[in-house]
Structure formats: structure tokens, C-alpha cells
Amino acid sequence: MVHDVAIIGAGVVGCAMARRFARAGARVLLLERGADILSGASKANSAILHTGFDAPPDSLELRCMQAGYQEYLTIRHAMNLPLLDTTALVLAWSETEAARLPDILAQAHRNGVADARALTRAEVLAREPRLAASVHAGLLIPGEAVIDPWSAPLAYATEALRHGATLCFGATVQAASFDGAAWLIDTTRGRFGARLVINCAGTHGDHIEALFLGRSHFTIRPRKGQFVIYDKAAAALLGAIVLPVPDDRTKGVVLTRTIFGNLLVGPTAEDQPDRDRATVDPEALTALMQRAETMIPALKNMPVTAVYAGLRPASDAKHYRIHAEPGRGFITVGGIRSTGLTAALGIAAHVFDLCALPDTAPPPQPPPMMPNLAEHLPRDWQHPGYGEIVCHCELVTRREIEAALHADLPPGDFGGLRRRTRCAMGRCQGFGCHARLAELTAGHLTPPLALPRERRNG
Amino acid sequence: MDSLPPVDLLIIGAGPAGLGAAATAAAAGLSVVVLDRATVAGGMPRLCGHSPFGMREFHRIMGGRAYAARLVATAERAGARILANHSAVQITAAGVHVATPDGVRCMAYRRLLLATGLREASRAARLLPGERPMRGILTTGALQGLAYGPGAGSGGLVPFQRPVVLGSELVAASALLTLRHLGIRPLALIEAGAHPVARWPVGLLPRLMGVPCHLNTRIIDIHGRDQVQAVALRHANGSVQRIDCDGLLLTGAFTPDSSLARMAGLRIDPASQGPEIDSFGRCSQPGIYAAGNVLRGVETAGWAWAEGQRTARAILRDLAGDLPPADTGLRIATTGPLRLCLPQNVIPGARHAAHPQLQLRVTRHVHGRLVLRDATGAELWSRRLTGWPERRILIAPARIPTLPSGETAILSITEQATR
């Protein structure tokens, strides 16, 4: 069967893309080399829904972010996707930084974020009394918010699935040829045909483009970001997302609550050649924690719940690399470095418009309702009949685990189960629940978490 | 939310400390409810397939599971009600919010005892470097659950075949025995320090089991995305070694499971990471006590059980109006290689205290004088001290001079030059 569209990469952009095209009636194939969605860059980010206040003015990135932001707000209720209405503060910690705030504010206004406004030091401290008194001044960006970085793309992919999309995991693209009408794509999971290929391959986007077109318009320069997640007790220390005055390379180190009730600090910005290997190192993590403690002194001695590292698919230029190859049915969506979660729905709409495909929408399917994992909303354990609590740190129930394992799009690996339920994501990181999870997931995860020991005598 | 009538003593955690307290308090006539979040009560010993347990409590050598069952039976026979699969989620002024499979309840109490125990520090909390493979990095507690937990079956569940073991505290012996039970042969045991932390049997056990033991060695990298593939080690002489393996077993580095206390706003000792207590086990909010391993790193089950019993006796005196006022003691803060001092608040001249001695821990081997100074730096008291990390150090506080109550004194160690 020749698909209308093959999307390469089931990160947040690929999932949103699959949803957009499938909803329009296209026969969509989503190819992913990992065992689950979000196996690459999209699994590690700061989970912020950005207004675009500091995006390059008049850029495609800004348009996609703002369109994505609006669409998220529009669809989130029907899909039960949470939003933690935090606001953000851009904080200056020196006179030099404070001197740059007016320009940032002007840019925010130019970008249509009309409600952004300047705050004095006293106003900042009145809003956030646990911040260090050494803060100089700030900007308030009321529209910035925190979302669930994993449930949202899972909802997009699930909706694509319900509209007939095919999801194929473990499918690494090996070769491709264009016969003038359609692409033949050879993967580790077999050969597929598609009239249009959309390259959403993240940190491998340039490789995929070269594989299809013989050359690439851009080069991915992976940028590693390390994060520290503090214990839930820390979330009470902060209301707003705290952003630094950005430099021209990155958005800088963010301090924010997470939707799951923790406090996050990160990311670092470390350029590296390796596309897949994202390591944490104690020096960088310690430096992040020191930075966080400088901003909120009460974080000293706060336990660390988790650390992680992700690779942002930065490219050799700062802007998004969205490029349609004329006459060959190939579109690259590359260089979506740090705003992909916000912009994904907007990018999908933009690319759909680029393709000028007929919008032969099938009868609408009900949107998938995602289970709530947000700490500020009622969780499953608050409802009777859950059986048992399996993960005590994150209060994940057996009912939730079983629902995830039997969902339309079940987890392809343990990481996928963790992202779908929060199990083993808490302060003990599996000390208390690993064995029970191994039992409950037996037969569902390949390879399994653990195998019964072979009996010695047959 | 349903609210239940108050009980005299509500205990969170049905491990040795909670059950010891429950047995004592119930035998004295209090109404006692013990909550445990696990589906089976008994605490950590439940997951220890090996001996020895029970020597202090029952004067016989028992396996962990039989010992845990005996603790549960003893508390129940005394009249305590033990509710497994009941998760305390929040401590409020009205009571403890408890998640049960039948809905959330608010359970009121006259006195509350936190006996929530401990956990081993995770890979994240240890800030270990490298990749974060989805499978293969486990703590001893997780491994014991696979080997001896309710779903383990007769032979246990096996997460890896060729792990590297990190740490040489006493629990490393339990880890090695559990590995042997599962038929797993570890490739190496790594300890960052110059000596095995535990005296016996850990110092000997790796050799007996044929496991290479690397002292003065640190993990500098972990390889693997899905499953652990290798760890890179740096030895004392600076050389780097890569060991191809499929697992990393993290042992020890215990930390109190004090999140309920922390979220409730109880004062947490930055040194122990557990709730601060006074000589009677009282926390910083009225009516709330803590006992067992939530107070510190790890102690033995027998120790936690006895501590729970002593704390229950303090609670009985409290309910009879027979305890000196709280917050009247000498607060002790620790510095340097002292890792913790329990209790943090010493009530002068306290008779029949739950904590009749000071419990100290050091972060490394020390040899010198233990010195207590007041806020001005003047020496109040000192004595000789030799200590090893993670080993029990007990000081009789009777010799410590009383200070005006409410003062904070600093306990430190002045080391002698090593030979």
C-alpha cells in the first residue's frame, strides 16, 4: 500500500504532524526507529508552553509557536491535557542584565505578547518571596505555562491512530528512492511506499534528508541539556517559571515547577558531536543545583528526585529549517531546538498548508481522553477501586498501569510506561516498586524488566 | 472524604519500628492503628531472604520473612490494627489523609508516629555520571523485591546476569546473598573508599564468592540506552577500566523516607535528612513522633524495633501528662566528618528517654576528640573518639553538661594527625 504521507520520527513534531494529516483524511505512516514515541529529543525538555515573547520577530518559529500555543489551548480540554497556569518571570540578577530587560520587553510587545510588563525588584519579591534578595528586576510574562510534555504528544499520536494512521516502531530508515510519483522507503521493518515524506527525525534530520535527497540543506549540531528535578517539597518554593535574561545562543537555565509537582532546573547547553548519547555528569548537575540555590536559597539540602539529559536538535543556524523539496514530495522539518513542544501543533498546521493536500476529512472520531498525571488535578488514586498503589512516590495505581498497557498506543518500552504513568519517576526511582512493575509488565514489554529464574531441575 | 474517629496512636509504617511501637502501645491499652502502603505489612525484613534476624526480639535466629511475619503477629496479638495497602499521603491538622482502594479517608489521632523507614539513594540522587539506561540499574531494595517479593515465585525474578555492585556497607552482604539466590554472579564490587565500609562479613564475602573487589574506585561513566552495557571505572592510581556488564546494583547510601514529614513542614535535619526529634522522639510539631530508620541512615531491624518500643513508652507517658515540655532541650548541630547526631534536641536529665544515648555517624574514618562547643565557640565538653563510617557510635549524654534550654551547641571532631 502506498501511503499518502510517511512521517519519519515520532517525537512531538512527528506526532503532531501525524495527527494533522490523519485528521484531514490522509493515509499516514509514522516511522520511528525507537520502540516508542518520544524516544529521542522530545523525551527530555523543560515542558513549558511558551508565548513566543523572546522568539525572533516575524519568524516562522514565532508563528508556529503562537499557532501551536493557541491550538493547544483549544484542544486540551477535549483531550484532558493539563496546564499549570504559572506565568513566567524573566529575572535580571545584575545591573548589566537589568539593562537588557527593556529590549526584551519591547521584543515581547512586538511579538504580540501585549500583556508582558516590567516588574521592580520589590514587585518580583512580592510575587516570589522565596527568591534570593539579590534579584535586580524582572519582566512578567503572564501567558507562559507548564504542561505535560509526554501526555500531549501521546494524545496527538493516539488521535492519529484513531484516524487510521499506521505507527511502525523499530523502523530505522536505510534507503529511499523516488520514482517520480512516490517514495520507496526501505527500513529495518520492511519496505514502505509514500507519495510524500515529512522528515521529523530530530537529531538525525540532516542524515535523513541526505539519505532521501543525496544532500542536506543543513547540519544538526546536537546540543545537550542536563536537568535536575528536585523533590516535591521544593515545588512550594516557587510559583512562576523563572527565566534568565537569554543570550544569543540559548534560552538559558530555567527554574520551574513541573506539572507533576516537582521543581526543575536546567538545561545546560553543551554542544557535542554525538547524536544519541546524552550523559549526565556530576559537575554539571552540581553547577545547576548551585545556580538554583543562588536563586532560591531554601533549595539547599533539598533532595534530588531525578536527573536527566536530552539532546536538542540544534542546527548550524538558529531558525527552524522547514524546507520543501520541489517536485519530489519531500519536506524537512529540522532544527526545532527548544520550542518544539509549544510549536508542534503550529508546525504541523504550517506543513499541512505547504502541501496543499485535499482536506478530505473523515467522519470525526472522538478525541482521545488522556489519563491525568498532573499533581494539581485529581489523580487516579483519589478514586476508589484502584486496586493497589504500585509506585508510592508518584502514587501510581495498578489500574493506571493496566490501562496504559492496554491503551490504543501501549508503551513500547519501560521508558514509555514511565512517561505514560509516572511509575518509578519519583524520589525512590524504583527502590520500592521495581519488582511489582516487573510482574505487572510481564508479557507487555520486550525485553521484559526481569525474567523468572529457570528452575534448576526442569 | 470520609473522616474516621480518632485513635490514640496512629502509626505510619508497619516495619520493625512501627510494629515494635504498636505492640508496646497496644499492650498498654491504647487504641493503635498501623498503616502500611505495601500490600503486605512487615517492612524491609520481609524482602530479606537471609538470616540473621530476631536475636534481640525473639532470642532466636530467623530469616527476614519469618521475622517480619512474627513482628506483625506480635503487634496484632497485642491488639493493634494493621492496615496494609493503606497509603498515608498527607499529614494535616485534622488527621492523616490515607489513600485506600475504597477511597481517601481522613484518619484522626491523638498521637502520630512516623516510622516510614528509608530507601537507598537512587542513581539520580547519587549524581552518578553517564547514560541513563532504561533497564539494569537497580538498588538492593529493588533486587530483593524481585528475589523475595510477593510476586517472585519460588525462584525469583532475574533482572540481569552480569552486574557490577557498588558499595560495601552491610547491605552489600545482603545484595551478594540475594544475587547468589538468583543465580547471578557479579563481575565486581566497587567501593569509593579505601576500606570496605562494613566490617564483617562484607569485607570477606566478595572473596568467598569469588567477586573481585575494587577499593578506592569510582564510576566515571555508564554506557547503554536500553540496558546497561558497560561501566567505566577510575581506580586509585588513575587508571581507567571498562567493564562490559548488563547491570549496576547500587547498594547502601541509605536516606530516610521522610517525604511525608518534609511535606508536613516538620523540621528536617539537613545532616540526617530525617525529621528532627528530641530525647523522647518528638518532632517539631506537637503530637507527632518519629522512630526507626526514618531518623537516620540505616540501623538494624532489631535496633529499630527497640527504638519503636521505647518511643511508644514515651508516648504513653505523654498521654498521661508525664513528659517534660518539648523544645526545652539543648539543640545539637554537627559539622565536619560527623554525618548526624540523634536526637537533635537533647532534653537535659531526661529519664527513660526514647533515646537515652546520642547516636552519631561519621562520613569517614576519624580518630581524635569529639568536642561540643557553645555558640561562642567555648568548649563545653569533649572526649576521645575513634569511628568508622556507617558504624554505630553511641555516646552517653549523662556526661554532657546541661546548657540553658533552647541553646544550640555545635558537635565537631578535632582529629589527631594520623600516624
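This report describes two chains of a predicted model, their contact, and several of their helices and strands.

Residues are numbered from 1 along each chain as its sequence is written, and chains are lettered from A and ligands numbered from 1 in the order in which they are written. Because the model is predicted, local features need pLDDT of at least 70 and side-chain atom pairs count only at pLDDT 80 or more, whereas totals for chains, interfaces and linings use all residues.

## Chain B as a whole

Chain B holds eight helices and 26 strands; helices (H or I, at least four residues) and strands (E, at least two) are DSSP runs, numbered from the N terminus. The radius of gyration of chain B is 22 Å, close to the 22 Å that the globule rule gives for 419 residues, so chain B is as compact as a globular protein of that length; the radius is taken over C-alpha atoms, and the rule is 2.2 Å times the number of residues to the power 0.38. Along the principal axes, the C-alpha atoms of chain B fill a box of roughly 60 × 60 × 40 Å. Of the 419 residues in chain B, 52% are buried, where a residue is buried if 20 or more other C-beta atoms lie within 10 Å of its own, exposed if 12 or fewer, and partly exposed in between, with C-beta atoms placed from the backbone.

## The contact between the chains

The contact takes 46 residues from chain B and 47 residues from chain A, two residues being in contact if their C-beta atoms, placed from the backbone, lie within 7 Å. On the side of chain B that touches chain A, the elements that each supply at least two residues include strand S4 (87–91), strand S6 (103–114) and helix H4 (140–148), and H4(B) gives the largest share, four residues. By class, this side of chain B has 19 nonpolar, 17 polar and ten charged residues; Ala, Val, Leu, Ile, Met, Phe, Trp, Tyr, Cys and Pro count as nonpolar, Asp, Glu, Lys and Arg as charged, and the others, Gly among them, as polar. Strand pairing also crosses between the chains, since two bridges join strand S23 (residues 451–452) of chain A to S9(B) in the antiparallel sense, with A:Pro452 opposite B:Leu157. Two strands pair if DSSP finds at least two bridges between them.

## Paired strands

The table lists pairs of strands within one chain.

| Pair | Sense | Bridges | Opposite residues |
|---|---|---|---|
| S4(A) and S8(A) | antiparallel | two bridges | A:Leu84 and A:Val146 |
| S12(A) and S20(A) | parallel | three bridges | A:Ile198 and A:Ile331 |
| S19(A) and S20(A) | antiparallel | five bridges | A:Glu325 and A:Phe330 |
| S14(B) and S15(B) | antiparallel | five bridges | B:Leu233 and B:Gln241 |
| S11(B) and S12(B) | parallel | two bridges | B:Ile190 and B:His214 |

Strand S20 (residues 330–334) of chain A is mostly covered, with five of its five residues buried. In a regular strand the side chains alternate between the two faces of the sheet. From S20(A), A:Phe330, A:Thr332 and A:Gly334 point one way and A:Ile331 and A:Val333 the other way, and all are buried. S19(A) and S20(A) form a hairpin with four residues between them, and A:Gly327 in the turn has a positive phi of about 75 degrees. In chain B, S14(B) and S15(B) form a hairpin with five residues between them, where B:Gly238 in the turn has a positive phi of about 90 degrees. An open sheet of five strands in chain B has the order S8-S16-S10-S11-S12, with parallel pairing.

## Helix H5 of chain A

The twelve residues of helix H5 (residues 151–162) of chain A should span 16 Å at 1.5 Å a residue, and the end C-alpha atoms are 16 Å apart, which agrees; the expected span is 1.5 Å times one less than the number of residues. H5(A) is mostly covered, as eleven of its twelve residues are buried, among them A:Tyr156 and A:Glu159. These buried residues pack against several elements of chain A, including helix H1 (12–23), helix H2 (60–79) and helix H10 (414–421). Just after H5(A), A:Gly164 takes a positive phi of about 95 degrees.

## Domains of chain A

The domain assignment of chain A, automatic or from a database, gives domain 1 (2–45 + 150–219 + 316–355), domain 2 (83–146 + 221–312) and domain 3 (380–440). The centres of domain 2 and domain 3 of chain A, taken over C-alpha atoms, are separated by 29 Å, and their contact takes five residues from each of these two domains.
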